[in-house]
Amino acid sequence: MRLVILGGPGAGKGTQAEGISQHLDIPSISTGEVLRNAIADQTNLGEKARPYVEKGELVPDDIMIQFIRQRLLQLDVSQGWLLDGYPRTAFQAEELDFLLEDLGQQLNWTIYLNVPEDELMKRSLQRSRSDDQPEIIQRRIEVFYQRTIPILEYYSPRNRLLDINGNQPPEQVQQEILSQLRRSATSET
């Protein structure tokens, strides 16, 4: 199974990605982790991404798709994967489709953790990370909605979108995701 997980800051993407990947026995690919590792290892791509990451800017699409291509060519993902943190724009969603077609793969589902804006703010403030200041969080949420709604509009007509109520306890969210994945798998066969 090949999955993408989307959600605003504080929606629980990391928690759900970890649980789903364990349940389905597929690797969870955090693009933030991929970037940090490449920078730490001083790879060629890591060096290209470093200035953007250090400034807190989005890494340009052409560099990101190279990262994704490299990662999806590794052996551990041959039976499936879950992408967390990519795509972040409708353009990247389209690029991902082209890449998967090139690799002879297909995205099964995009999981959208739908959480109200006020709850995203509350959860993000509770994390108490050093960069989780109210104005920074508010900006992240705004950027998320500006960029993510077009991604949902990209996947929805392709019947590849699972809209999940992310405003419930993490265990219930995971059960809803797994239940919808099972239902969709049986309806495809």
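Which element gives the most to the lining of the largest pocket? In this predicted model, the answer is H7, with seven residues. The pocket itself holds about 1700 Å³ of space. Its lining is made up of 50 residues, and Pro9, Lys13, Gly85, Arg88 and Arg140 are the closest to its centre. Besides H7, two or more lining residues come from each of E1, H1, H2, H3, H4, H6 and helix H8 (170-188).

It is helpful to set this pocket beside the annotation. An unreviewed UniProt entry lists Gly10, Ala11, Gly12, Lys13, Gly14, Thr15, Arg127 and Gln168 under "binding site". Of these residues, the lining of the largest pocket includes Gly10, Ala11, Gly12, Lys13, Gly14, Thr15, Arg127 and Gln168.

Two of the annotated residues reward a closer look. Lys13 belongs to helix H1, which spans residues 13-24. Its side chain reaches the backbone oxygen of Gly7 at 3.0 Å. Not counting residues up to four places away in sequence, Lys13 touches Ile5, Leu6, Gly7 and Gly8, together with Asp84 and Leu113. Arg127, in turn, is found in helix H6 (residues 117-127). With a relative accessible area of 30%, Arg127 counts as partly exposed, because this value lies between the 20% limit for buried residues and the 50% limit for exposed ones. Once residues up to four places away in sequence are set aside, Arg127 touches Pro9, Gly10, Asp132 and Arg140. Of these contacts, Pro9 and Arg140 have already appeared among the residues closest to the pocket centre.

Attention now turns to the protein interior. In soluble globular proteins, nonpolar side chains tend to be buried together. Here, the largest nonpolar core has 29 residues, and those with the most contacts inside it are Phe67, Ile68, Leu72, Trp81, Leu83 and Leu96. At least two residues of this core come from each of strand E1 (2-7), helix H2 (31-40), helix H3 (44-55), helix H4 (61-72), strand E3 (81-84), helix H5 (90-103) and helix H7 (134-155). H4 gives the most to this core, with six residues. Leu83 offers a good view of the packing: leaving aside its neighbours within four places in sequence, Leu83 is in contact with Leu3, Val4, Ile5, Ile29, Thr31, Ile68 and Leu96. Another core, of 21 residues, lies apart from this one and has Met121, Ile164, Val173 and Leu178 among its members.

Definitions and conventions:
Residues are numbered from 1 along each chain as its sequence is written. This is a predicted model: local features need pLDDT of at least 70, side-chain atom pairs count only at pLDDT 80 or more; totals for chains, interfaces and linings use all residues. Side-chain values use heavy atoms; hydrogens and water are left out. UniProt positions are given in the numbering used here, feature names are shortened, and annotations may be inferred rather than shown by experiment. On a 1 Å grid over the protein atoms alone, a cavity is a set of points where a 1.4 Å probe fits but cannot get out, and a pocket is an open set with protein on both sides within 12 Å along at least five of seven lines; lining residues have an atom within 4 Å of a point. Helices (H or I, at least four residues) and strands (E, at least two) are DSSP runs, numbered from the N terminus. Contact means heavy atoms within 4.5 Å. A polar contact is a pair of N or O atoms within 3.5 Å; within protein, one must be able to donate a hydrogen and the other to accept it, and residues adjacent in sequence count only if both atoms are side-chain atoms. Buried means under 20% relative accessible area, exposed over 50%, partly exposed in between (1.4 Å probe, protein chains only). A nonpolar core is a set of buried Ala, Val, Leu, Ile, Met, Phe, Trp, Tyr and Cys residues joined through side-chain atoms within 4.5 Å. Grid points are joined across faces, edges and corners, and a volume is the space filled by probe spheres set on the points.
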